[in-house]
Amino acid sequence: MRAARPDQTARSARLRAVRPVLWAAVAALAVGAVLCVFGWYGMSGERFAERQLPYLASCTVPGAALIVAGAVLLAHGRSTLASARVEELYELLVSAGTPPADTGRAEPVATSGDLLMIPGGTLWHRADCPLVAGKPKAVPADARILASGDLSPCPICEPEPAAPSSSPPPSPER
């Protein structure tokens, strides 16, 4: 049996300590709500204020105090739970290792020279762009459509336009 790392045991102990706080918060909210309902019900049956004060003092005020205490405990427990989760995610991020040295220039996502487009789409892409790779609807981009400016280059793969051919495009015959 392996022993848990010290940071894991501290984290799991902190998470175990949060759960009773959350249960206590829920219990305080529930009891406070029940007390407020009993206080209201008792007060509503009395005509004179002198007879309503005992219900106010014994049920409604403590019920409201329990509701406030439950809300504070709930907020504290949730923030503690969230901070424990953030610490855990940060440790996972840090333990993943150091990123490669930055060369100053971001490498392109796609490097293929073939250009593709989706019929009816608004962008043209490199063939290995993650937005069109493996999609059966992707067709080779037509040079005339690219030259007309109807399609924009993909912001993900940043394709270069195809070099214009030396001959002009064929004109439609009438």
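At 53% relative accessibility, Arg-51 counts as exposed in this predicted model. Its partner is a good place to start a tour of the structure: Arg-51 forms a salt bridge with Glu-46, and the closest N and O atoms of the pair lie 4.0 Å apart. Glu-46 itself is partly exposed, with a relative accessible area of 23%. The count of salt bridges comes to one.

Stepping back to the whole chain, the model contains three helices and four strands. Read from the N terminus, these elements follow the order α-α-β-β-β-α-β. The chain has 174 residues, of which buried residues make up 19%. Turning to contacts between residues at least 6 apart in sequence, 62% of them join residues at least 24 apart.

Helix α2, which covers residues 49-95, comes next. Its 47 residues should span 69 Å at 1.5 Å a residue, and the C-alpha atoms at its ends are 66 Å apart, so the expected and computed spans agree. The helix is nevertheless bent, by about 45°, at Leu-56. Several residues of α2 are buried, namely Cys-59, Gly-63, Gly-70, Gly-77, Thr-80, Leu-81 and Ala-84. A look at the numbering of this list is helpful here. An α-helix has 3.6 residues a turn, so residues three or four places apart point the same way. Within the buried set, Cys-59 and Gly-63 can be picked out as one example to inspect in the structure, as can Thr-80 and Ala-84.

Ala-65 also has its place in helix α2. With a relative accessibility of 46%, Ala-65 counts as partly exposed, because that value falls between the cut-offs of 20% and 50%. A link to another part of the chain is found here: Leu-29 is 36 residues away from Ala-65 along the chain, yet their C-alpha atoms are separated by 9.4 Å.

The strands come together in an open sheet of four, in the order β3-β1-β2-β4 and with mixed pairing. The edges of the sheet are taken by β3 (139-140) and β4 (152-153); each has a single partner strand, so one side of each is left without a neighbour in the sheet. As a reminder for reading the pairings, strands of a sheet pair through backbone hydrogen bonds, either parallel or antiparallel.

Following the sheet in its order, β3 pairs with strand β1 (residues 115-117) in the antiparallel sense, over two bridges. In this pairing Leu-116 stands opposite Pro-140 of β3. On to the next pair, β1 and strand β2 (residues 123-126) are also joined in the antiparallel sense, here over three bridges. Leu-115 stands opposite Arg-126 in β2. These two strands, β1 and β2, form a hairpin with five residues between them, and Gly-120 in the turn has a positive phi of about 85°. The last pairing, between β2 and β4, is parallel and runs over two bridges. There, Leu-123 stands opposite Ser-152 in β4.

Beyond the sheet, Ile-156 is placed in the segment after β4. At 40% relative accessibility, Ile-156 counts as partly exposed. The C-alpha atoms of Ile-156 and His-125 are separated by 8.5 Å, although the two residues are 31 apart along the chain.

Finally, the cysteines deserve a word. A disulfide is a covalent bond between the sulfur atoms of two cysteines. A search of the whole structure finds zero disulfides. For Cys-59, the nearest cysteine sulfur belongs to Cys-36 and is 8.8 Å away, and Cys-59 is in no disulfide. This residue, Cys-59, is buried, with a relative accessible area of 14%. Cys-129 is likewise in no disulfide; its nearest cysteine sulfur, that of Cys-157, lies 3.7 Å away. Because a disulfide requires sulfur atoms within 2.5 Å, the pair of Cys-129 and Cys-157 does not count as one. At 0% relative accessibility, Cys-129 counts as buried.

Note on methods:
Residues numbered from 1 in each chain as written. Predicted model: local features only at pLDDT ≥ 70, side-chain atom pairs only at ≥ 80, totals over all residues. Heavy atoms only, no water. Expected span 1.5 Å × (residues − 1). Bend = angle between axes of the 7 residues up to and from the residue. Buried < 20%, exposed > 50% of the residue type's maximum accessible area, 1.4 Å probe, protein only. Pairing = 2+ DSSP bridges. Salt bridge = Lys/Arg side-chain N within 4 Å of Asp/Glu carboxyl O. Contact = heavy atoms within 4.5 Å.
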